[in-house]
Amino acid sequence: MRLGFTSLVGLTLVALPAVAQDISLRLPVACEIGRTCFIQHYVDRDPSPAASDYQCGTLTYDAHDGTDIRVPTMAAQRAGIDVIAAADGKVLRVRDGVEDVSLSGRGRESVASTECGNGALIDQGNGWEAQYCHMAKGSLAVKPGDPVKAGDRIGKIGLSGMTEFPHLHFTLRKDGKPVDPFAYGAPEKSCGGGTSLWEASLQRTLAYQGGSVLNKGFAPGPVTMDAIESGAAEQDIPTTRSPALVAFVRAIGLKGGDVQTLTLFDPDGKPMAQNKAPPLDRAKAQWMAFAGVKQPQGGFRPGLYRAVYRVERDGKPAIEQAFGISLRP
């Protein structure tokens, strides 16, 4: 699916020297995968109305033609995370000026012809081109005709166009057709085939993860998805006098049948609370879980409180993450 560049203005055609077909790509976002940013969606490898990523997983949706790299909160997006050129090239088209507003509650018709939001299309030569979408309003640092080198700043991650969370949608094309940079040349619906086009230094970082913990922390009371998304939940730090102690997580890429368990432990390592959810009825793009207790008489003891989040998939561990907080008066 080509995300709404048909209305971009300022088309500039340029001649570029040929480049090798086995191009090498840098990560197009100045972030650390698995810590400050996460891959939410891959290219859909299934030509049918069903959807499947390059490992035959569920981290995609029907006709999704790129890689979505998201940041964990709106607070992180507002702080500014650079979008950078994945390879050398020249800018063909850009768009800026689209508001950073979530699509949630507005409907797709509100972004008709501007689905990509603020973006850039870069010709990388020899039939290769890269498209960068959903950047922040006013952040574009390039214009049509500009040469770019791999690593040059193009803009910043935003919330423009057809999106409900801050991320970069990165589409790579060869001769006008979308290419999966994780599995170039792999047959449709294959699992784990093809060639990675990411530079060698990224191979370990970009290893496939069948789900990740996007956010985690502790709060002094009930937690909402909105508070996690905004970043507010991570700023409200509990103390020994808080009305409650609540551990929370938001995970992405969960599958139908996954069983999640979140356990809160006291400073002695004894379980204080546990939330074991029933198996998921279907795949979930994201899911929130929390477990907590009310303040005991006299307040919480000072010390280190820990939480452990586990996901069991097909009877085997799929995700496990531990985190803690030191409570002080």
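This is a short talk on the disulfides and one sheet of the structure above.

Okay, so first, a caution: this is a predicted model, where local features need pLDDT of at least 70, side-chain atom pairs count only at pLDDT 80 or more, and totals for chains, interfaces and linings use all residues. Residues are numbered from 1 along each chain as its sequence is written, and side-chain values use heavy atoms, leaving out hydrogens and water.

Let's start with the disulfides. A disulfide here is a pair of cysteine sulfur atoms within 2.5 Å, and searching the whole structure turns up three.

In one of them, C31 and C37 have their sulfurs 2.0 Å apart. Both C31 and C37 are buried, meaning under 20% relative accessible area, while over 50% is exposed and in between is partly exposed (1.4 Å probe, protein chains only).

Then there's C56 with C191, sulfurs 1.7 Å apart. C56 sits in the loop between β1 and β2, and C191 in the loop between β10 and β11, so the pair ties together parts 135 residues apart in sequence. Strands, by the way, are DSSP runs of E, at least two residues, numbered from the N terminus. C56 is partly exposed, at 32% relative accessibility.

And C116 bonds with C133, at 2.1 Å between sulfurs. C116 is buried at 0%, and C133 is buried at 0% too.

Now, the sheet. How are its four strands ordered? The order is β14-β13-β16-β17, an open sheet with antiparallel pairing; two strands pair if DSSP finds at least two bridges between them. The edges are β14 and β17, each pairing on one side only. Inside, β13 and β16 pair over seven bridges, and T263 has V308 in β16 as its bridge partner.
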